[in-house]
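Reader: Hi! Could you walk me through this one?
Author: Happy to, here it is.

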Amino acid sequence: MDELSTPAVEALRRAQTSIIEHSLDRVSASHPWYRTLPAEPRHQIEAVASLGVTMFVDSVADPSAEVSPGGIFSVAPERLTGTITLGQTLGLVRSVLDVVVEEAPEVVPERDHDRVAIAALSFGRDIGFTAAEVYARAAEARGAWDARLESVAVDAMLHDAPEDAVTRAGTAGWHGTGPVATIAARTPGLDALGTSRLRHECRQHTSDVLVSVRGDSVIIVIGAAAPDGTAAEHEVDQAALAIAKELGGAAVIGPVVPTVAQAGRSLRAALAGLRALPGWHEAPNPVHADDLLPERLLAGDELATERILALVTKPLHEMGDPFEETVATYLALGGSLEATARTLFVHANTVRYRLGRVSEQVGWDATDPRDGLMLHLAIIAGRLAEGREV
């Protein structure tokens, strides 16, 4: 743009204060939410508007001077982006620009009208792009900080620090008091944008979510807002299953625990399951960590020993010696009903009945190869535990 005449520049300098005052009046009149802001952010917005008008006048007074639109936001701290939205900021810019476009051309000689109007529109466009960049940087910084907070919370869970886990999770935005489930999955190449998208997708299923990327793996902790109970446990488990299916890579779901304070147990089980997953080539995807107890036991997972004793060994033992002995004998003899009946001196139908009752009560069917492996290892783990107590 050609330089303005000296009279035009002088006229703009004289009108500068008036344009700033009228701009602030327009902002206050056009945006009711602005009047409800605390004094500090309002003063910061006023400083931005005032500096914007001043920089515009400087830019048209000396087109050769380096005037950076980004400098307009230097008088307001980054936290202002958390007080007003990008849409609100652009609305303010538009209000100030409208006043500049209306009044600035009117104070200069007629031959300079168009030049000043075009300069105002161009400067306003640059301010709009700059505002978008400021908000993008702020969002990126907040995203990185949120990710850090979530990772710290997950670290507390992994280190089995219940009170610290609750505090850290709360700092990361956790609000619920209901049951919690976890997911450990292989997700190579998951970058910051992908992580942000994953976090958004998780929140379509549940409100409380923590996501932490560890190398080529990702850890997800989700919670139900409802209090502990069977319905809530089922809800959070189904949410974990739905999220795990969307991940694309191998995923293991940890057992549901009552609250976020116990999330570490679920998380360690999920991670142990992910490490043991190569041992079961036919495993479904996703798979629950409890279904990988045989592989986890062989991998030396101490939590798996505790889990199989509580989940399988104890209920089987509580059914009584005939049932536990029948299962143990049936499995030791390679799954033969007749050989088991002869060894126990009972009818084959009695063996069938006992095995059926075990399947109903314990949840694993000795006649199924995979369930049989689970029961066999549960019996062995129980015998070893009894041997250690002697």
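Reader: Let's start in the sheet: how many bridges join β1 to β3, and do they run parallel or antiparallel?
Author: Seven bridges join β1 to β3, and the two strands run antiparallel. Strands here are DSSP runs of E with at least two residues, helices are runs of H or I with at least four, and both are numbered from the N terminus. Two strands count as paired if DSSP finds at least two bridges between them.

Reader: Before we go on, what kind of model is this?
Author: This is a predicted model, where local features need pLDDT of at least 70 and side-chain atom pairs count only at pLDDT 80 or more, while totals for chains, interfaces and linings use all residues. Residues are numbered from 1 along each chain as its sequence is written, and side-chain values use heavy atoms, with hydrogens and water left out.

Reader: Good. What does β1 pair with besides β3, and through how many bridges?
Author: Strand β1 (residues 180–186) is joined to β4 (residues 251–253) by three bridges, and this pair is antiparallel. Ala 185 sits opposite Ala 251 in β4, and its bridge partner in β3 is Val 218. Ala 184 faces Val 252 in β4.

Reader: What's the strand order overall?
Author: The order is β2-β3-β1-β4-β5, in an open sheet of five strands with mixed pairing. β2 (208–214) and β5 (287–288) are at the edges with a single partner strand each, so one side of each has no neighbour in the sheet.

Reader: Which helix packs on the sheet?
Author: Helix α9 (residues 263–276) does, touching β1, β3 (217–223) and β4. Its direction makes about 25 degrees with that of β1. Contact means heavy atoms within 4.5 Å; the axes are lines fitted to C-alpha atoms, for helices over the stretch in contact, and angles run from 0 to 180 degrees between N-to-C directions.

Reader: How many residues of β1 are buried?
Author: Six of its seven residues are buried, which leaves β1 mostly covered. Buried means under 20% relative accessible area, exposed means over 50%, and partly exposed is in between (1.4 Å probe, protein chains only).

Reader: And what share of the whole protein is buried?
Author: Buried residues make up 46% of the 390 residues. The protein has 15 helices and five strands. Of the contacts between residues at least 6 apart in sequence, 68% join residues at least 24 apart.

Reader: Switching to charges: how many salt bridges are there?
Author: The count comes to twelve, where a salt bridge is a side-chain nitrogen of Lys or Arg within 4 Å of a carboxyl oxygen of Asp or Glu. One of them joins Arg 214 and Asp 155, at 2.8 Å from N to O. That pair links distant parts of the chain, with Arg 214 in strand β2 and Asp 155 in helix α5 (residues 113–158), 59 residues apart.

Reader: Are those two buried, partly exposed or exposed?
Author: Arg 214 is partly exposed at 29% relative accessible area, and Asp 155 is partly exposed at 26%.

Reader: Which residue does Arg 268 pair with?
Author: Arg 268 forms a salt bridge with Asp 160, their closest N and O atoms being 3.8 Å apart. Arg 268 is in helix α9 and Asp 160 in the loop between α5 and α6 (162–171), 108 residues apart.

Reader: What about Asp 301 and Arg 296: buried or exposed?
Author: Both are buried. They form a salt bridge too, with the closest N and O atoms 2.8 Å apart.

Reader: New topic: where is Leu 316?
Author: Leu 316 lies in helix α11 (residues 302–318) and is buried, with a relative accessible area of 1%. Leaving out residues up to four places away in sequence, Leu 316 touches Glu 324, Val 327, Val 358, Val 362 and Ile 379. Its C-alpha is 7.1 Å from that of Val 358, a residue 42 places apart in sequence.

Reader: Glu 324 and Val 327 caught my eye. Which residues of α12 are buried?
Author: Those two are among them, and the others are Phe 323, Thr 326, Ala 328, Thr 329, Tyr 330 and Leu 331. Just after α12, Gly 334 takes a positive phi of about 80 degrees.
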